[in-house]
Amino acid sequence: EQLAFGAALAALVAVSLARTGAVVAPWSLLHPRRLPGELWLLVAASGRIVVANCRLAYRIWHPGRPLASGMVITPTRERSDAGLTGVGIISSLIVDNQVVDLDRRRGELLYHAVAVPEEEPSAAYDAINGPVERLLERIEDRHD
């Protein structure tokens, strides 16, 4: 019921904002050239969500594991408002990391991480927001 109500409310807001001028129409998501990329994004993100939840459950059930939570700064290649919003929301659905802040000037995202990667920022990018950005690029490329 909550998801249905949220979806209906989001659709209502999107339709009402579509009349205000230069905004992206919500039905543009249904463009036939975009659909394969969007479906793959849904499948890939869902898989990452399941894996992250299993890892978190394992961490909770085995409390002897060292807890290495903290903040991680990752670079981002996204520059558009829509791209940054998509990366922030989708990567935060994956329970391992929650986006906290964005530095547009430097092109960096700040995440709170359940397990901070010990590698350099480029490795954190490949583990956290890189996969989502690559999937979003595929969708944008097919639509253009």
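Three short exercises on a predicted model follow, each with a worked solution.

**Exercise 1. The sheet**

Work out the strand order and find which strands stand at the edges.

Solution.
- Start with the order. Three strands form an open sheet, arranged β1-β3-β2.
- Add the direction. The pairing is antiparallel.
- Now the edges. β1 (70–75) and β2 (97–103) each have a single partner strand, so one side of each lacks a neighbour in the sheet.
- Check the twist. Neighbouring strands are turned by 30° against each other on average, direction ignored.
- Look at one pair. β1 and β3 (residues 108–113) are joined in the antiparallel sense over six bridges.
- Pick a bridge. I73 has L110 in β3 as its bridge partner.
- Place the helix. α3 (residues 81–93) lies across β2 and β3. Its angle to β2 is about 155°.

**Exercise 2. The nonpolar patch**

Name the residues of the nonpolar surface patch and place V13.

Solution.
- List the members. F5, L9, L12, V13 and L17 make the patch, which covers about 510 Å².
- Locate V13. This residue sits in helix α1 (residues 2–18).
- Test its exposure. The relative accessible area of V13 is 40%. Partly exposed means between 20% and 50%, so V13 falls in that class.

**Exercise 3. The surroundings of L29**

Place L29 and state how far its C-alpha atom is from that of I139.

Solution.
- Find the segment. L29 belongs to the loop between α1 and α2 (35–61).
- List its contacts. Setting aside neighbours within four places in sequence, L29 touches R34, L35 and E38.
- Take the distance. L29 and I139 are 110 residues apart along the chain, and their C-alpha atoms are separated by 9.8 Å.

Conventions:
Residues are numbered from 1 along each chain as its sequence is written. This is a predicted model: local features need pLDDT of at least 70, side-chain atom pairs count only at pLDDT 80 or more; totals for chains, interfaces and linings use all residues. Side-chain values use heavy atoms; hydrogens and water are left out. Two strands pair if DSSP finds at least two bridges between them. Helices (H or I, at least four residues) and strands (E, at least two) are DSSP runs, numbered from the N terminus. Axes are lines fitted to C-alpha atoms, for helices over the stretch in contact, and angles run from 0 to 180 degrees between N-to-C directions. Contact means heavy atoms within 4.5 Å. Patches are made of residues with over 30% relative accessible area and no salt bridge: like charges are joined within 9 Å, nonpolar side chains (Val, Leu, Ile, Met, Phe, Trp, Tyr) within 5 Å. Accessible areas come from the Shrake-Rupley method with a 1.4 Å probe; for residues, only the protein chains shown count as cover. A salt bridge is a side-chain nitrogen of Lys or Arg within 4 Å of a carboxyl oxygen of Asp or Glu. Buried means under 20% relative accessible area, exposed over 50%, partly exposed in between (1.4 Å probe, protein chains only).
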